[in-house]
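The following exercises introduce a structure step by step. Each task is followed by a worked solution.

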Amino acid sequence: MTYVVLALFLVFFGLPALWLLLAATKTDSQLVHDNPLSFGSWHALRANWNALTAHQDAAVFGWLRNSALYSFLALLITLCVAVPAGYGLAMTEFRGRHTLLIATLIVMLMPNATLVVPLFLEINAFHLIGSMWSIVLPYAFYPFGVYLTYIYFSTALPRELLDAARLDGCSEFAVFRRIALPLAAPVVALVGFFSFVANWTNYYLPYVMLPESHQFPVQVGLGTLLNEVPQFNPTVGSLAVQRPELALATLLAITPVLVVFLFSQRFLVAGMLAGATKS
């Protein structure tokens, strides 16, 4: 039964990914009439690549650069904010601490779409609409990262080790930087990965905040490409994008996340198991 369930999940999740990979190697006619899981040709793949890179003067590469810029800037600020915040909530007692934890949980559980309107009003009050910071700043504070580091520091970090460092004359910041932070490296990597994926796949907020196509991240760019496929929008005219080109653009959009995952999976597994046992 276990193998049957695993096989069903493999079919359910693996076949669409395989179809997407093979779709980029076909012409639009082959995509419709040939076997869905058949390989097209290297010539068709090259033609799709040339057509995609020629569309709007290689706009897809600009979208990828924008996504990388927005994601890494937000990730950097997230790590500088979320990890110390989780440490402070776990290691110190102060008035309002419980309220902050509840507020962090509530924001973490709220769908992103419900926050777009208040975020838009807030960013507009600072006259940042249409700028890079309208995307970076709202995602720079990552509630899930705060709560994850809070759980780790509360359960897996020995208080006696920190107390010994304080007795040796370390300041609270030195205790955090020299003792707590190195021990929390797997959890920091986990927070960083989840933050990067959330920023990279962010669609609705950039769609609302950014008015110009050259500012779009790749997720919003894929939405514009979808609107230029004749089968979905018959009015596109000369701007038409074929479905295999859209499949190729989708593969380009997901590749950075796969690369980051492959290089960080060892830290991700360690981070997921951190705090699972307590001696």
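**Exercise 1. A salt bridge and its surroundings**

Does R97 count as buried or exposed?

Solution. The model is a predicted one. The relative accessibility of R97 is 16%. Buried means under 20% relative accessible area. R97 therefore counts as buried.

The next step is to look for the partner of this side chain. The side chains of R97 and E93 form a salt bridge, with an N to O distance of 3.8 Å. A salt bridge requires a side-chain nitrogen of Lys or Arg within 4 Å of a carboxyl oxygen of Asp or Glu. The relative accessibility of E93 is 69%, so E93 counts as exposed.

**Exercise 2. The remaining salt bridges**

State how many salt bridges the structure holds, and describe the pairs formed by D28 and by E172.

Solution. The structure holds 3 salt bridges. In one of them, the side chains of D28 and R243 meet at 3.0 Å, N to O. This pair links distant parts of the chain, since D28 lies in helix 2 (residues 28-33) and R243 in helix 14 (residues 243-273), 215 residues apart. As for accessibility, D28 has a value of 17% and therefore counts as buried. R243 has a value of 23% and therefore counts as partly exposed.

In another pair, the side chains of E172 and R166 meet at 2.9 Å, N to O. E172 is partly exposed, at a relative accessible area of 37%. R166, at 29%, also counts as partly exposed.

**Exercise 3. The chain as a whole**

Describe the secondary structure, the extent and the burial of the protein chain.

Solution. Begin with the elements: the protein chain has 14 helices and 0 strands. Read from the N terminus on, its elements are accordingly written as a succession of α symbols.

Next comes the extent. The C-alpha trace spans about 75 × 55 × 30 Å along its principal axes.

Burial and surface follow. Of the 279 residues in the protein chain, 37% are buried. The chain exposes about 16000 Å², and carbon and sulfur atoms supply 70% of this area.

Finally, consider the contacts with a separation of 6 or more: 71% of them are between residues 24 or more positions apart.

**Exercise 4. Two helices in contact**

At what angle do helix 10 and helix 11 pack, and which residues make the contact?

Solution. Helix 10 covers residues 172-183 and helix 11 covers residues 185-200. The two pack at an angle of about 65°, and their axes are 4 Å apart. Angles of 65 to 115 degrees count as roughly perpendicular. Helix 10 and helix 11 are therefore roughly perpendicular to each other. On the side of helix 10, the contact is made by L181, P182 and L183, and on the side of helix 11 by A185, P186 and V188.

**Exercise 5. A nonpolar patch on the surface**

Which residues form the nonpolar patch that includes F9, and where in the secondary structure is F9 placed?

Solution. The patch consists of M1, V4, V5, L8, F9, F12 and F13. Together these residues have about 820 Å² of accessible area. F9 is placed in helix 1, which covers residues 2-23. The relative accessible area of F9 is 46%, so F9 is partly exposed.

**Exercise 6. Individual residues and their distances**

Locate T104 and A59, and give the accessibility of each.

Solution. T104 is in helix 5 (residues 97-109). T104 has a relative accessible area of 9% and is therefore buried. Leaving aside residues up to four places away in sequence, T104 touches P143, V146 and Y147. The C-alpha atoms of T104 and P118 are 17 Å apart in space, with the two positions 14 residues apart in sequence numbering.

A59 is found in helix 4 (residues 59-91). A59 counts as buried because its relative accessibility is 13%. A59 and V187 are 128 residues apart in sequence, and their C-alpha atoms are 36 Å apart in space.

Definitions and conventions
Residues are numbered from 1 along each chain as its sequence is written. This is a predicted model: local features need pLDDT of at least 70, side-chain atom pairs count only at pLDDT 80 or more; totals for chains, interfaces and linings use all residues. Side-chain values use heavy atoms; hydrogens and water are left out. Patches are made of residues with over 30% relative accessible area and no salt bridge: like charges are joined within 9 Å, nonpolar side chains (Val, Leu, Ile, Met, Phe, Trp, Tyr) within 5 Å. Accessible areas come from the Shrake-Rupley method with a 1.4 Å probe; for residues, only the protein chains shown count as cover. Buried means under 20% relative accessible area, exposed over 50%, partly exposed in between (1.4 Å probe, protein chains only). Axes are lines fitted to C-alpha atoms, for helices over the stretch in contact, and angles run from 0 to 180 degrees between N-to-C directions. Angles under 35 degrees count as roughly parallel, over 145 as roughly antiparallel, 65 to 115 as roughly perpendicular and the rest as oblique. Contact means heavy atoms within 4.5 Å.
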